[in-house]
Amino acid sequence: MKERYDPKEVEIKWQSKWKESRIFEPEPDDRKKFFITIPYPYLNGNLHAGHTRTFTIGDVIARYKRMIGYNVLFPMGFHATGTPIVGLVEQIVKKDPETIRVYNQLHQIPMEVLESIKTPENIVEYFSIEAEAAMKSIGFSIDWRRKFTTTEPHYKKLITWQFNLLHSLDKVVKGAHPVRWCPNDENPVEDHDILKGEDATIIEYTLIKFNLDGDILPCATLRPETVFGVTNLWINPKIVHMRLKVNDETWIVSKDAYDKLKYSDKSIELIDQVNGDTLIGKKVINPVTGSSVLILPASFVSPENGSGIVMSVPAHAPYDYLALRDLKGADLTVYGITEDVSSIPLIALIKVPEYGKYPAVDAVTELKVKDQNDPKAEEATKIVYRREFHGGVLTETTGKYAGMSVSKIKDVLTHDLIEQGIADVFYEFSEQPVICRCGATCVIKMVKDQWFLNYSEPSWKEQVYKCLAGMQIIPPELRVEFENKIDWLKDKACARRKGLGTRLPWDMEWIIESLGDSTIYMSYYIIAKYLDKFEPEQLKAEFFDYCLLGKSTAQNASSSTGIDIGIINAIRNEFLYWYPVDLRSSGKDLIPNHILFFLFHHVAIFPETHWPKSIAINGFVSLEGQKMSKSKGPILTLRSAVEEYGADITRLYILSTAEHVQDADWRNADIEATRKQFERFYKIAYDCLTEENNTNSDSTCELKFIDKWMLSKMQYRIIETTDALNRMQTRRAVQNAFYHIINDMKWYERRGGCASKKDILNTWVRLMAPFTPHICEEIWEQLGSGFISLNSFPEADISLIDRSAELAEEITGNTLKDIEEILRLIKLKPTRVVLYTAASWKKNILKKAIMMKKDNVLDMKTLMNALMSDPLMRPHAKDIPKFAQKTINDVQGMENELMVSLTETDFDETSALKESMDFLKRIVECDVEIYNADDAGYDPQGKSRIAVPMRPAIYIE
RNA sequence: GCGGGGGUAGCCAAGUGGUCAAAGGCGACAGACUCAAGAUCUGUUUCAGCAGUGAUUCAAGGGUUCAACUCCCUUUCCCCGCACCA
């Protein structure tokens, strides 16, 4: 161990020793196993600070588990399937300036390398080498024998097997789904291809088919339940409508709606045009209630929204109510309407606590909305909608749906109506327009004949809920998030036309989408170790059936694949040993995709005993307050961080800067501070080890309060660190194992503690080993034998917890603080400091009060009675009430631990202070005297009277 | 809109009923060391105070309690996800 800390030297030394000794290459044995995985990185860039955080947390847990006796499997692979790598190659090959800049300057790829990249394979090769080197440089304890890339032929065999299996289980089905579509490019539009309307989402409307003499007038609505309250339809008389043949029906819709329908999965044929005004005054049949309602004119109806035909529900929609009211007295005879339409009776169907029978009417009255053009109409609509959605219940008007809450009805009702053929689904963007990069306006297209993983299937979801219920989620608050996401997940298109990946085995023109192929790859880590034992073609279904599922026999698997039966047995046994996954630790961005699919596929394929055990989630990392971006910057690569600060400091910093799902902000000023603290740690260790060699007095020196205090403190640090690690609170763990102990050591040295430094260091280094393994190995080399990485994690020794020593240090520290505060205020250089510890009668009162608190009988009356009956107390009768009252207040809020310490130890304040007298003298630079108030000695101002337990009185000259 | 997470001193950030004027870090200021700078160490950093104290604070407002940053209600602001993309 050198006097000056050189991270690089230490890190290279230990990384190569670990490698030579193969200490992170576990084989099954009789220990308990722990299988931890981190999502493999996607190879379209270098590992950055975000990866650094997620992976370091995983490595710390792996190292910790190893030190507490588990046989730990911590493997790593690389993800390369999908489209981004293909896209990146295209950009690099055509020398896109922005791409070249980002990858050359931010990802730090030399120009000659960039120029040599021609194929996706080049990218995969380059980044996989870089990523492995990066992970090694920061000291992750990964078993590298098991690495693989998802584009390898062997791996594709697993995916083929998996999808065949899912297909046979009816988990992969054919269907159609809506996508954002550019009519000009004739392609789905991805996020980064959108010029305008990036936030637009696809909204599903229900289309209700009103009947007009055989023609269908479809009305799009987000609230299908209101069909029960329709009093009329609205049509804009100035708009030309289209009559269409839609499948077997005839529809009338606006021109815009016609354009949209062309991209749906229906067959559409234009018949002729219909002017809006010719429809007004006619009567249509409400397909749900069977009632006949009038079509009325309304200028507010816009052809761009929905079908261009609107159903009117004045009882619950302020606009409809207002429009109807506005028609009062209007002359509609031109449309053949002679009745007074404003007297059409409203139909209520939702009961909501805030309003009477007609919520729209009440809202309009309440907000004093004038007419349909009043901006407040919008507000009224929002309020009514929100209140009805959250608190509304359907009334008898809705027949069999009566009593259901509005928030639950939509899906059920839509489903029912579609089944009866009286409704349909209509898609619309949440905001318009959505413009493609090419300039064209995007539409929503139904992609037909698409392959889906039918995640929405209730029995599949049921299994996932069951799996989740049996899992530990870290942090626990996130469980509800998982439940919501499972609930939200719909069928997922799982095949694409382009990108890297495995072909769908039964429909070879499709490539399996790259999220679907990243779901059970954890099982492949077990196989990946044996890749040199067989060719890809040998990995037939029988192989996976037996090795992963135990179907049939090893003999059969061997004979149908030609793989040695010994290998087959070894793989099966290893699988049974390592599976299931004990912990999957990931960034929070992967919850709604990778992590969720990981659960779905595991429950579909594996028996319950092999379902995952726990999931841990962590937040992102930003740089000096700015969001990182792989493709635009800023970005900080793992390698450059390690280059600049060293592996251990980088690890320590990223672990300590935020907890769990909280986002971390990487700040150079802060990591510099970590570096300084770390160098201090190194110096303490170095001094301790070299002192030990020179003098031998330490171990023979008698233990003082301060030494016992340090040992005691250490036990708490161990307890806290262990507890934090068990909850995967790495920040808290580092606080305790590092920062708090540093501060303890500061105080310890300042107080002149001398004993057991080496013992303390021994514990401390082992406590730190999961976080900063390199330096700890380096120190351990001088302290113990073997690798610290394989040594045991410290366990707290309760017998070393010393409450008297803690009280002694507390009183010393507090007294010093008080003296310093007085000195600061009186601004004098002291010549004499006199301390008086509290009189014994006060200590008695405190103890009595604590005892009463324990028995739950503490109050002023009881305490006074007890005190006054004690003859020894009588001399102080005058002072007792005031002190007793104060004591009661103190004791009410006193921590249990302290009460125990005060009553159950034979701690003596005077002797504790006497022991630290030399220290106090040194700090205040004058003579210090200590008396007990019972026998005050020198006390010119009678200060001893104000002394209370744990708070000596002070007199300064 | 739906769902999730947040709002604590100049900044970052602990803190789920009493040990809290509130850990830790950064920054700032002062002192020690130094010819000096840096590093390091010590202290201060809401306000007032020449005796260890007092007053007012934890987004805003209200409530529960002997006691609230901590529990409940209302309001408000910020961040993230809402998909076929890894």
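This report describes the domains, one helix pair and the RNA-facing surface of a predicted model.

## Basis of the model

Local features require pLDDT of at least 70 and side-chain atom pairs count only at pLDDT 80 or more, whereas totals for chains, interfaces and linings use all residues. Residues are numbered from 1 along each chain as its sequence is written, chains are lettered from A in the order in which they are written, and side-chain values use heavy atoms, with hydrogens and water left out.

## Domains

Chain A is divided into domain 1 (152-171 + 493-579), domain 2 (202-429), domain 3 (668-801) and domain 4 (817-956), with bounds from an automatic or database domain assignment. The centres of domain 2 and domain 3, taken over C-alpha atoms, are separated by 73 Å.

## A helix pair

Helix 10 (residues 318-326) packs with helix 12 (residues 376-391) at an angle of about 135 degrees, their axes being 8 Å apart; axes are lines fitted to C-alpha atoms over the stretch in contact, and angles run from 0 to 180 degrees between N-to-C directions. Helices are DSSP runs of H or I with at least four residues, and strands are E runs of at least two, numbered from the N terminus.

## The surface near RNA strand B

Among the 51 residues around RNA strand B, those that come nearest are Tyr42, His390, Arg496, Asn593 and Arg680, where near means that a heavy atom of the residue lies within 4 Å. Of the RNA strand B atoms within 4 Å of the protein, 57% belong to sugar or phosphate and the rest to bases.

A side-chain N or O atom of Asn484 is 2.9 Å from a sugar or linking oxygen of RNA strand B, and a backbone N or O atom of Leu825 lies 3.0 Å from a sugar or linking oxygen of that strand. Helix 28 gives the most to this surface, with six residues.

Definitions and conventions
Polar contact = N/O pair within 3.5 Å; in protein donor to acceptor, adjacent residues only side chain to side chain.
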